[in-house]
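Let us take a walk through this structure together. Have the sequence and the 3D view ready, and follow along one stop at a time.

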Amino acid sequence: MENMQLVIDLHIEGARQGPGSRQATERAIDFAVSDRSIPLEVADIGCGTGASAILLAQLLNANITAVDFLPQFLDVLRTKADQLGVSDRITTLACSMESLPFTDEQFDVIWSEGAIYNMGFENGIQQWKRLLKAGGVLVVSEITWTTAQRPLEIQDYWDTHYPEIGTASSKMKVLEDHGYTPLAYFALGEECWLENYYQPLQERFQQFLARHHHSSEATNLVAAEEREISLFQQFRQYFSYGVYIARKNS
Ligand SMILES: C[S@@+](CC[C@H](N)C(=O)[O-])C[C@H]1O[C@@H](n2cnc3c(N)ncnc32)[C@H](O)[C@@H]1O
């Protein structure tokens, strides 16, 4: 089975496909949106099965365009949105985040949790800027060093897997350099990683391996996830997802 199919199978049943929480999304909403009753056009890019898109639809007076390149995740999102009575507020689009078919200044808010790394933070905030109205707000979470120094083992791991990892101050400089005004930043707490993401993922490993007859591809995928989890447990004081809220300059 092709590796992407395995990745989909491992993650599709998760309430979320990356670290985060309802509380963190709400906290970011409070920084980004001063009045929840104002009508908004929102794009949620790399939305997965809809953890944030559905919450945004529930809490804001907004039309949400939920984008992911995996139609299987969007199918799950639409089923959940139906069940929760918010499907009239969510439009899904199966598309790469690197070639979004939207018009300039289409959105008041661009939201993206745990996904911009797929095209790189700097590239993403540059490319997505044209989609925001002047004064519109970008909310994006990004792997971030939370201290100025860290042990070589975790530095090497992230340098290999995502060399663009940096401190919050370096990310804010990138935002400023590309015409955004940083409004707020916070780091996700441990529960966003462990209780909400890694533990449910680990609980699915055995059934996943059984479904795939312990193939070498499935076993390697689980091993890579286990390594990431163990590095998080060992080095969690040095990195997290940072949530960046920034306004596009006029
Ligand atoms: C770590 S998951 C985060 C999902 C969701 N935002 C969440 O927090 O649960 C990253 C998501 O980005 C999507 N993705 C990866 N590369 C993409 C691309 N080039 N274009 C669009 N979506 C992409 C994946 O399918 C996945 O759903």
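**A guided walk through the fold**

Our starting point is Ala43, a residue of strand S1, which spans residues 40-45. Helices and strands here are DSSP runs (H or I over at least four residues for helices, E over at least two for strands), numbered from the N terminus. Ala43 counts as buried because its relative accessibility is 1%; buried means under 20% relative accessible area, exposed over 50%, and partly exposed in between, with a 1.4 Å probe and protein chains only. Leaving aside neighbours within four places in sequence, Ala43 is in contact with Thr65, Phe107, Val109, Ile110 and Trp111, where contact means heavy atoms within 4.5 Å. Trp111 is 68 residues away from Ala43 along the chain, yet their C-alpha atoms are separated by 6.0 Å.

Before going on, a word on what you are viewing. This is a predicted model, in which local features need pLDDT of at least 70 and side-chain atom pairs count only at pLDDT 80 or more, while totals for chains, interfaces and linings use all residues. Residues are numbered from 1 along each chain as its sequence is written, and side-chain values use heavy atoms, with hydrogens and water left out.

Now step back to the whole protein. It has 9 helices and 8 strands, and its C-alpha atoms fill a box of roughly 50 × 45 × 30 Å along the principal axes. What radius of gyration would a compact globule of 250 residues have? The value would be near 18 Å, and the protein agrees because its own radius is 18 Å. This radius is taken over C-alpha atoms, and the globule rule is 2.2 Å times the number of residues to the power 0.38. Buried residues make up 50% of the 250 residues. Among contacts with a separation of 6 or more, 75% join residues 24 or more positions apart.

On the outside, the accessible surface comes to about 11400 Å², and 48% of it belongs to carbon and sulfur atoms. Such areas come from the Shrake-Rupley method with a 1.4 Å probe, and for residues only the protein chains shown count as cover.

Next, look inside. In soluble globular proteins, nonpolar side chains tend to be buried together. The largest nonpolar core here has 84 residues, and those touching the most other members are Ile90, Trp128, Leu138, Trp158, Trp193, Phe239 and Ile245. Helix H8 (residues 190-211) gives the most to this core, with 9 residues. A nonpolar core is a set of buried Ala, Val, Leu, Ile, Met, Phe, Trp, Tyr and Cys residues joined through side-chain atoms within 4.5 Å. Follow Trp193 and, beyond its neighbours within four places in sequence, you will find contacts with Pro19, Ile143, Leu188, Tyr198, Phe232, Phe239, Ser240 and Tyr241.

Strand S8 (residues 239-248) holds Gly242, which counts as buried because its relative accessibility is 0%. Leaving out neighbours within four places, Gly242 is in contact with Val140, Ser141, Glu142, Thr144, Tyr185, Phe186 and Ala187. Is Lys171, in turn, buried or exposed? Lys171 counts as buried, because its relative accessibility is 3%. This lysine lies in helix H7 (residues 168-177), and its contacts outside four places in sequence include Glu142, Ile143 and Tyr244.

Loops have their own stories. Leu60 sits between helix H3 (51-59) and strand S2 (62-68), and is buried because its relative accessible area is 4%. Beyond four places in sequence, Leu60 touches Ile29, Val33, Arg36, Leu40 and Arg89.

The loop between strand S3 (90-94) and strand S4 (107-112) holds Glu105, and Glu98 is found between S3 and S4 as well. Glu98 is partly exposed because its relative accessible area is 42%; outside four places in sequence, Glu98 is in contact with Asn118, Met119, Asn123 and Gln127.

Finally, turn to the backbone. Most residues other than glycine have a negative phi, and most peptide bonds are trans. Glu105, however, has a positive phi near 55°, and His214 has a positive phi near 50°. His214 lies in the loop between H8 and helix H9 (216-235) and counts as partly exposed because its relative accessibility is 47%.
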